[in-house]
Amino acid sequence: MVTSHSTNGPGGTKSHQLFLLLKDAIVSGRMAAGTKIPGELKLAEEHRVSRVTVRRALEALTEEGLITRRPGVGTLVCERPVGATVMTASVSNLLPNMVKLSENSHVRLLEFGYGVPPEGVRERLRLAPEDRAQRSVRVRLAEDKPFSYLTTYVPERIALSYDEADLATTPLFALLERSGVYVDHASQSISATLATKDVAEALDVAVGSPLISLTRVVYDKSGQGVEYLHALYRPDRYRIEIDLSRAGDEDDRYWQPLAPEQR
């Protein structure tokens with residue numbers, strides 16, 4: 001049910017909220033191809049909104065190629081929704097997944113420059129107060145549709161080994177390896193956030209739309225930070241998966257990620 005009673009809350013208008021709910025059901029597969037969408041009146045009653053709100057949400061779904069209206073039949077989920085390609089990342093197989101991701105998408109570089117990073121970034125990278133870092137902002141696209149907004153910081157001593165043209169055409173992890181960096185381990189956290197104006201424009205979503213938020217700090221074998229990444233993903237075009245196996249003895253059973261060779 002759409003519960004917002006205002007027309008311009010954090011999640012946008014009521015019609016946009018309903019659009020997101022229905023879109024998520026379609027993209028996730030809960031509403032399979034060929035499924036008949038309930039009528040306007042039924043949707044209005046179920047979500048406690050007006051028929052005008054429902055009509056606008058359905059129009060937006062039609063524009064995205066997710067549903068089609070057939071006279072005498074009704075509104076159906078499309079067999080192959082246009083723009084519904086979902087990129088999938090495996091947490092337990094990170095580096096090979098990054099290679100695959102770079103092969104199946106391309107990058108648009110928005111910003112590139114050098115400066116002293118924010119305090120929080122500096123501390124995570126274990127840099128001195130005066131140390132500079134290269135900052136870049138990129139949008140990654142699949143089938144020419146944006147799905148991620150990436151902000152990265154790399155210590156200047158490493159970043160000087162590549163330039164703006166390199167970053168626009170080559171995955172960052174490959175540039176780090178080329179510069180002689182030996183990636184040893186990483187710390188990663190995943191949360192959620194809402195799209196700000198700049199991010200919304202870059203990802204082609206409404207301001208306030210929900211996004212997956214991922215922060216990853218990569219370290220070399222000496223424990224020195226070599227990359228700080230803050231990534232924002234469209235949840236309708238990007239999915240994070242993790243395969244788990246049971247471990248421990250009978251008195252202390254728990255789940256642990258499967259190693260790549262176990263998958």
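In this predicted model, six strands form an open sheet. Their order is E5-E6-E7-E10-E9-E8. The pairing is antiparallel. Strand E5 (106-115) and strand E8 (183-194) stand at the edges. Each of these two has a single partner strand, so one side of each is left without a neighbour in the sheet. From one strand to the next, the twist averages 15°.

Within this sheet, strand E7 covers residues 145-155 and strand E10 covers residues 225-233. The two run antiparallel and are joined by six bridges. One residue of the pairing can be followed across: Ser148 has Tyr233 in E10 as its bridge partner.

A second arrangement involves three strands. They form an open sheet in the order E1-E3-E2. Here, too, the pairing is antiparallel. Strand E1 (36-37) and strand E2 (67-70) are the edge strands, and each pairs on one side only. Strand E3 spans residues 74-77. Two bridges join E1 to E3, and these strands run antiparallel. Lys36 has Leu76 in E3 as its bridge partner. Helix H3 (residues 51-63) packs on this sheet. The helix touches E1 and E2. Its direction makes about 110° with that of E2.

Two individual residues were then examined for their surroundings. Leu175 lies in helix H8, which runs over residues 172-178. Is Leu175 buried or exposed? Its relative accessible area is 1%. Buried means under 20%, so Leu175 is classed as buried. Which residues does Leu175 contact, leaving aside its neighbours within four places in sequence? They are Tyr162, Asp166, Leu167 and Thr170. Tyr162 is 13 residues from Leu175 along the chain. The C-alpha atoms of these two residues are separated by 6.9 Å.

Ile242 gives another case. This residue sits in the loop between strand E11 (238-241) and strand E12 (244-247). Its relative accessibility is 41%. That value falls between the 20% limit for buried and the 50% limit for exposed, so Ile242 counts as partly exposed. Ile242 also belongs to a nonpolar patch on the surface. The other members are Leu244 and Trp255. Together, the three residues have about 330 Å² of accessible area. Leu175, by contrast, is buried, whereas Ile242 is partly exposed.

Conventions
Residues are numbered from 1 along each chain as its sequence is written. This is a predicted model: local features need pLDDT of at least 70, side-chain atom pairs count only at pLDDT 80 or more; totals for chains, interfaces and linings use all residues. Side-chain values use heavy atoms; hydrogens and water are left out. Patches are made of residues with over 30% relative accessible area and no salt bridge: like charges are joined within 9 Å, nonpolar side chains (Val, Leu, Ile, Met, Phe, Trp, Tyr) within 5 Å. Accessible areas come from the Shrake-Rupley method with a 1.4 Å probe; for residues, only the protein chains shown count as cover. A salt bridge is a side-chain nitrogen of Lys or Arg within 4 Å of a carboxyl oxygen of Asp or Glu. Helices (H or I, at least four residues) and strands (E, at least two) are DSSP runs, numbered from the N terminus. Buried means under 20% relative accessible area, exposed over 50%, partly exposed in between (1.4 Å probe, protein chains only). Contact means heavy atoms within 4.5 Å. Two strands pair if DSSP finds at least two bridges between them. Axes are lines fitted to C-alpha atoms, for helices over the stretch in contact, and angles run from 0 to 180 degrees between N-to-C directions.
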